[in-house]
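Trainee: I would like a close look at the charged side chains of this model. Please describe how they pair and where they lie.

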Amino acid sequence: MVFHAGFFYVIIAAMKPISNFHTHTYLCKHATGTPLQYVNQALKEGCSALGFSDHCPYPDSFEDMWPDIRMSTEEINLYLQMVTEAKESAPFPVLTGYECEWDARYKSWYEELFSSYGAQYLVLGSHWVTLNGGSTHLYCPGIDNNSDLNHYIDQTINGMRSGLFAFLAHPDLFMMGHKEWDEQAISCSKAIIDAASDLNLPLEINGLGITRAPNNTRHGMRYPYPYIEFWDMVKEKGNIRIICNSDSHKPEDVLMNAWRARNFASGFGFEVMNSTEILDVLKD
(Lines give C-alpha, C1' and ligand atoms only; values in the text may rest on other atoms or scores of the structure.)
Protein backbone atom coordinates (compact mmCIF):
# COMPACT_ATOMS: atom_id res chain seq x y z
CA MET A 1 0.00 0.00 0.00
CA VAL A 2 1.23 3.52 -0.80
CA PHE A 3 0.07 6.66 1.02
CA HIS A 4 1.06 10.17 0.05
CA ALA A 5 2.53 11.95 3.06
CA GLY A 6 3.82 15.39 2.13
CA PHE A 7 7.40 15.24 0.86
CA PHE A 8 7.51 11.48 0.62
CA TYR A 9 5.41 8.41 0.13
CA VAL A 10 4.84 6.07 3.01
CA ILE A 11 5.27 2.63 1.50
CA ILE A 12 3.86 -0.15 3.61
CA ALA A 13 4.33 -3.61 2.17
CA ALA A 14 2.50 -5.30 4.99
CA MET A 15 0.60 -3.37 7.61
CA LYS A 16 1.99 -4.73 10.86
CA PRO A 17 0.05 -3.76 13.98
CA ILE A 18 1.40 -0.56 15.53
CA SER A 19 0.48 1.62 18.47
CA ASN A 20 -0.46 5.25 19.01
CA PHE A 21 -0.56 6.94 22.41
CA HIS A 22 -1.42 10.49 21.29
CA THR A 23 -5.12 10.62 20.45
CA HIS A 24 -7.69 13.39 20.84
CA THR A 25 -11.49 13.43 20.76
CA TYR A 26 -14.23 15.89 19.88
CA LEU A 27 -14.23 17.11 23.49
CA CYS A 28 -11.16 19.29 22.83
CA LYS A 29 -13.25 21.38 20.40
CA HIS A 30 -10.72 21.18 17.55
CA ALA A 31 -10.88 17.44 16.85
CA THR A 32 -13.63 15.10 15.67
CA GLY A 33 -14.69 11.64 16.70
CA THR A 34 -15.49 9.67 19.82
CA PRO A 35 -13.11 7.18 21.45
CA LEU A 36 -15.18 4.32 20.03
CA GLN A 37 -14.80 5.70 16.51
CA TYR A 38 -11.02 5.86 16.96
CA VAL A 39 -10.94 2.30 18.29
CA ASN A 40 -13.03 1.02 15.40
CA GLN A 41 -10.75 2.70 12.86
CA ALA A 42 -7.64 1.43 14.64
CA LEU A 43 -9.07 -2.09 14.62
CA LYS A 44 -9.52 -1.95 10.84
CA GLU A 45 -5.92 -0.83 10.30
CA GLY A 46 -4.16 -3.17 12.71
CA CYS A 47 -3.50 -1.72 16.14
CA SER A 48 -1.38 -3.18 18.94
CA ALA A 49 -2.30 -0.55 21.59
CA LEU A 50 -4.06 2.81 21.70
CA GLY A 51 -3.84 5.62 24.20
CA PHE A 52 -6.25 8.53 24.54
CA SER A 53 -4.52 11.73 25.62
CA ASP A 54 -6.99 14.52 25.04
CA HIS A 55 -6.03 18.03 26.17
CA CYS A 56 -6.41 18.10 29.92
CA PRO A 57 -9.01 20.34 31.54
CA TYR A 58 -8.05 22.94 34.11
CA PRO A 59 -10.17 24.41 36.91
CA ASP A 60 -11.82 27.71 36.05
CA SER A 61 -9.82 29.46 38.76
CA PHE A 62 -6.58 28.92 36.83
CA GLU A 63 -5.38 31.80 34.64
CA ASP A 64 -5.44 31.84 30.82
CA MET A 65 -6.05 28.11 30.40
CA TRP A 66 -7.22 28.25 26.76
CA PRO A 67 -10.71 26.82 27.44
CA ASP A 68 -11.56 26.88 23.73
CA ILE A 69 -9.14 24.03 22.92
CA ARG A 70 -9.86 21.56 25.72
CA MET A 71 -12.63 19.79 27.61
CA SER A 72 -14.03 21.38 30.74
CA THR A 73 -13.73 19.81 34.17
CA GLU A 74 -17.45 19.08 33.95
CA GLU A 75 -16.77 16.86 30.92
CA ILE A 76 -14.16 14.64 32.58
CA ASN A 77 -16.71 11.99 33.57
CA LEU A 78 -18.04 11.90 30.01
CA TYR A 79 -14.49 11.48 28.69
CA LEU A 80 -13.82 8.62 31.09
CA GLN A 81 -17.12 6.97 30.28
CA MET A 82 -16.49 7.11 26.52
CA VAL A 83 -12.95 5.76 26.83
CA THR A 84 -14.20 2.93 29.06
CA GLU A 85 -16.82 2.00 26.46
CA ALA A 86 -14.13 2.02 23.78
CA LYS A 87 -11.87 -0.19 25.91
CA GLU A 88 -14.62 -2.75 26.24
CA SER A 89 -14.90 -3.09 22.46
CA ALA A 90 -11.17 -3.27 21.73
CA PRO A 91 -9.17 -6.51 21.42
CA PHE A 92 -5.99 -4.52 22.16
CA PRO A 93 -4.97 -2.43 25.20
CA VAL A 94 -6.63 1.00 25.42
CA LEU A 95 -5.32 3.49 27.96
CA THR A 96 -6.73 6.68 29.44
CA GLY A 97 -4.51 9.74 29.59
CA TYR A 98 -4.32 13.49 29.20
CA GLU A 99 -1.97 15.83 27.33
CA CYS A 100 -0.86 18.62 29.65
CA GLU A 101 1.18 21.78 29.41
CA TRP A 102 3.57 22.50 32.26
CA ASP A 103 3.00 25.22 34.80
CA ALA A 104 4.70 24.49 38.12
CA ARG A 105 1.94 26.25 40.06
CA TYR A 106 -0.47 23.52 39.01
CA LYS A 107 1.60 20.45 39.85
CA SER A 108 -0.99 19.27 42.37
CA TRP A 109 -3.65 19.40 39.64
CA TYR A 110 -1.59 17.12 37.38
CA GLU A 111 -1.19 14.73 40.30
CA GLU A 112 -4.95 14.86 40.85
CA LEU A 113 -5.52 13.73 37.27
CA PHE A 114 -3.94 10.45 38.38
CA SER A 115 -5.55 10.18 41.80
CA SER A 116 -9.07 11.37 41.01
CA TYR A 117 -9.64 11.60 37.27
CA GLY A 118 -8.70 8.25 35.82
CA ALA A 119 -5.34 9.03 34.23
CA GLN A 120 -3.15 6.04 33.50
CA TYR A 121 -0.53 8.31 31.94
CA LEU A 122 0.15 11.96 31.16
CA VAL A 123 1.79 13.40 28.07
CA LEU A 124 3.85 16.58 28.28
CA GLY A 125 2.60 18.69 25.38
CA SER A 126 4.66 21.83 25.83
CA HIS A 127 2.45 24.24 23.91
CA TRP A 128 2.97 27.38 25.95
CA VAL A 129 5.37 29.63 27.78
CA THR A 130 4.12 31.28 30.96
CA LEU A 131 4.50 35.08 30.90
CA ASN A 132 3.42 38.17 32.86
CA GLY A 133 3.74 36.57 36.24
CA GLY A 134 1.59 33.63 35.22
CA SER A 135 -1.40 35.54 33.86
CA THR A 136 -0.55 34.77 30.22
CA HIS A 137 0.26 31.56 28.38
CA LEU A 138 1.71 32.22 24.92
CA TYR A 139 1.58 29.50 22.25
CA CYS A 140 5.20 28.63 21.58
CA PRO A 141 5.13 29.07 17.76
CA GLY A 142 4.18 32.69 18.50
CA ILE A 143 7.38 33.38 20.46
CA ASP A 144 9.27 36.16 18.68
CA ASN A 145 12.38 36.71 20.80
CA ASN A 146 15.20 34.60 22.20
CA SER A 147 14.54 35.54 25.81
CA ASP A 148 11.01 34.11 25.77
CA LEU A 149 12.19 31.11 23.76
CA ASN A 150 14.84 30.33 26.36
CA HIS A 151 12.18 30.66 29.05
CA TYR A 152 10.00 28.23 27.09
CA ILE A 153 12.81 25.69 26.89
CA ASP A 154 13.53 26.00 30.62
CA GLN A 155 9.82 25.57 31.37
CA THR A 156 9.64 22.49 29.15
CA ILE A 157 12.64 20.92 30.85
CA ASN A 158 11.17 21.63 34.28
CA GLY A 159 8.08 19.72 33.18
CA MET A 160 10.26 16.86 31.96
CA ARG A 161 11.97 16.78 35.35
CA SER A 162 8.69 16.64 37.27
CA GLY A 163 8.48 12.88 36.87
CA LEU A 164 4.79 13.11 35.97
CA PHE A 165 4.98 12.54 32.24
CA ALA A 166 5.44 9.39 30.15
CA PHE A 167 7.03 11.21 27.20
CA LEU A 168 7.56 14.64 25.67
CA ALA A 169 5.26 15.19 22.70
CA HIS A 170 6.50 17.11 19.64
CA PRO A 171 9.75 18.21 21.36
CA ASP A 172 10.63 20.34 18.33
CA LEU A 173 7.29 22.21 18.23
CA PHE A 174 9.12 25.49 18.87
CA MET A 175 10.61 25.21 15.37
CA MET A 176 7.13 25.77 13.94
CA GLY A 177 7.60 29.41 14.88
CA HIS A 178 11.37 29.78 14.98
CA LYS A 179 11.67 28.15 11.53
CA GLU A 180 15.39 28.72 10.85
CA TRP A 181 18.10 26.33 12.00
CA ASP A 182 20.52 28.74 13.65
CA GLU A 183 22.62 28.89 16.82
CA GLN A 184 19.55 29.61 18.92
CA ALA A 185 17.73 26.58 17.51
CA ILE A 186 20.79 24.40 18.11
CA SER A 187 21.12 25.59 21.71
CA CYS A 188 17.42 25.01 22.46
CA SER A 189 17.45 21.59 20.83
CA LYS A 190 20.57 20.53 22.69
CA ALA A 191 19.02 21.48 26.03
CA ILE A 192 15.90 19.37 25.40
CA ILE A 193 17.83 16.42 24.00
CA ASP A 194 20.33 16.45 26.87
CA ALA A 195 17.48 16.54 29.39
CA ALA A 196 15.74 13.62 27.69
CA SER A 197 18.98 11.65 27.80
CA ASP A 198 19.64 12.46 31.46
CA LEU A 199 16.06 11.61 32.47
CA ASN A 200 15.65 8.65 30.10
CA LEU A 201 12.40 10.29 29.00
CA PRO A 202 11.17 9.29 25.52
CA LEU A 203 10.87 11.93 22.81
CA GLU A 204 8.00 11.75 20.36
CA ILE A 205 8.20 11.92 16.58
CA ASN A 206 4.84 13.51 15.88
CA GLY A 207 3.06 12.43 12.71
CA LEU A 208 0.63 15.35 12.67
CA GLY A 209 3.43 17.82 11.98
CA ILE A 210 4.24 15.98 8.76
CA THR A 211 0.76 16.79 7.44
CA ARG A 212 1.07 20.53 8.10
CA ALA A 213 2.13 23.08 5.49
CA PRO A 214 5.94 23.12 5.20
CA ASN A 215 8.15 26.10 5.92
CA ASN A 216 10.51 27.49 3.29
CA THR A 217 13.78 28.01 5.19
CA ARG A 218 17.32 28.98 4.25
CA HIS A 219 18.17 25.27 4.25
CA GLY A 220 15.20 24.28 2.09
CA MET A 221 11.68 23.07 2.76
CA ARG A 222 11.11 21.73 6.26
CA TYR A 223 8.18 20.27 8.10
CA PRO A 224 7.17 22.62 10.92
CA TYR A 225 7.90 19.52 13.03
CA PRO A 226 9.40 16.97 13.14
CA TYR A 227 12.36 19.13 12.15
CA ILE A 228 15.13 17.23 10.36
CA GLU A 229 18.10 18.92 12.03
CA PHE A 230 16.63 18.40 15.50
CA TRP A 231 16.43 14.67 14.88
CA ASP A 232 19.94 14.67 13.40
CA MET A 233 21.04 15.90 16.84
CA VAL A 234 19.01 13.16 18.53
CA LYS A 235 20.75 10.56 16.40
CA GLU A 236 24.16 12.06 17.12
CA LYS A 237 23.42 12.06 20.85
CA GLY A 238 22.33 8.42 20.86
CA ASN A 239 20.75 6.57 23.80
CA ILE A 240 17.45 8.48 23.41
CA ARG A 241 14.22 6.51 23.58
CA ILE A 242 11.89 7.43 20.70
CA ILE A 243 8.15 6.98 20.43
CA CYS A 244 6.20 7.47 17.18
CA ASN A 245 2.65 8.78 17.54
CA SER A 246 -0.16 10.12 15.40
CA ASP A 247 -1.42 13.09 17.43
CA SER A 248 -4.68 12.19 15.74
CA HIS A 249 -7.48 14.73 15.69
CA LYS A 250 -9.80 12.66 13.50
CA PRO A 251 -10.40 8.90 13.43
CA GLU A 252 -8.95 8.33 9.95
CA ASP A 253 -5.56 9.57 11.20
CA VAL A 254 -5.45 7.34 14.27
CA LEU A 255 -2.70 5.11 12.84
CA MET A 256 -1.90 6.78 9.51
CA ASN A 257 0.00 9.61 11.17
CA ALA A 258 1.88 7.08 13.30
CA TRP A 259 2.99 5.39 10.09
CA ARG A 260 4.15 8.77 8.81
CA ALA A 261 6.15 9.24 12.00
CA ARG A 262 7.69 5.78 11.65
CA ASN A 263 8.62 6.47 8.05
CA PHE A 264 10.36 9.67 9.18
CA ALA A 265 12.18 7.72 11.92
CA SER A 266 13.37 5.10 9.44
CA GLY A 267 15.25 7.79 7.53
CA PHE A 268 17.52 8.17 10.57
CA GLY A 269 17.80 4.46 11.29
CA PHE A 270 16.07 4.89 14.64
CA GLU A 271 14.87 1.85 16.55
CA VAL A 272 11.59 3.16 17.90
CA MET A 273 9.87 1.84 20.98
CA ASN A 274 7.43 -1.00 20.42
CA SER A 275 4.06 -1.40 22.10
CA THR A 276 5.38 -3.62 24.88
CA GLU A 277 8.16 -1.19 25.75
CA ILE A 278 5.74 1.75 25.77
CA LEU A 279 3.20 -0.05 27.91
CA ASP A 280 5.97 -0.85 30.40
CA VAL A 281 6.84 2.87 30.59
CA LEU A 282 3.21 3.81 31.16
CA LYS A 283 2.92 1.32 34.02
CA ASP A 284 5.87 2.87 35.89
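Mentor: What follows treats the salt bridges, then a charged surface patch, and closes with one helix and one loop.

The model is a predicted one. Side chains of opposite charge can pair when their charged atoms come close. A search of the whole structure returns seven salt bridges, and three of the pairs are described here.

In one of these, the side chains of Arg 105 and Asp 103 meet with an N to O separation of 2.8 Å. The two partners differ in their exposure to the surroundings: Arg 105 counts as partly exposed because its relative accessibility is 40%, whereas Asp 103, at 4%, counts as buried because the cut-off for that class is under 20%.

A second salt bridge joins Arg 218 and Glu 180, at 3.9 Å from N to O. This pair links distant parts of the chain, 38 residues apart: Arg 218 is in the loop between E11 and strand E12 (220–222), and Glu 180 is in the loop between helix H5 (175–178) and helix H6 (183–199). Arg 218 is exposed, with a relative accessible area of 61%, while Glu 180 counts as buried at 17% relative accessibility.

In a third, Lys 237 forms a salt bridge with Asp 194, and the closest N and O atoms are 3.2 Å apart. Here too distant parts of the chain are linked, since Lys 237 belongs to helix H8 (residues 228–237) and Asp 194 to helix H6, 43 residues apart. Lys 237 is partly exposed, its relative accessible area being 37%. Beyond single pairs, salt bridges that share partners join Glu 63, Asp 103 and Arg 105 into one network.

Charge also gathers on the surface: Glu 271, Glu 277, Asp 280 and Asp 284 form a patch of negative charge there. Of this patch, Asp 284 lies in the segment after helix H10 (275–283) and counts as exposed, at 83% relative accessibility.

Helix H3 (residues 107–115) offers a view of burial. Its residues Trp 109, Tyr 110 and Leu 113 are buried. Seen down the axis of H3, the buried residues fall within an arc of 105°, so they line one face of the helix. Ser 108 and Ser 115 are exposed on the other side of H3.

Finally, Ala 213 is placed in the loop between helix H7 (207–211) and strand E11 (215–217). Ala 213 counts as exposed, with 60% relative accessibility. The C-alpha atoms of Ala 213 and Tyr 223 are separated by 7.2 Å, and the two residues are 10 residues apart along the chain.

Note on methods
Residues numbered from 1 in each chain as written. Predicted model: local features only at pLDDT ≥ 70, side-chain atom pairs only at ≥ 80, totals over all residues. Heavy atoms only, no water. Patch = residues over 30% accessible without salt bridge, like charges linked within 9 Å, V, L, I, M, F, W, Y side chains within 5 Å. Areas by Shrake-Rupley, 256 points an atom, 1.4 Å probe, with all protein chains shown as cover. Salt bridge = Lys/Arg side-chain N within 4 Å of Asp/Glu carboxyl O. Lys, Arg positive; Asp, Glu negative; His and termini not counted. Charge placed at Lys NZ, Arg CZ, Asp CG, Glu CD. Helix = DSSP H or I, 4+ residues; strand = E, 2+ residues; numbered from the N terminus. Buried < 20%, exposed > 50% of the residue type's maximum accessible area, 1.4 Å probe, protein only. Arc of directions from axis to C-beta.
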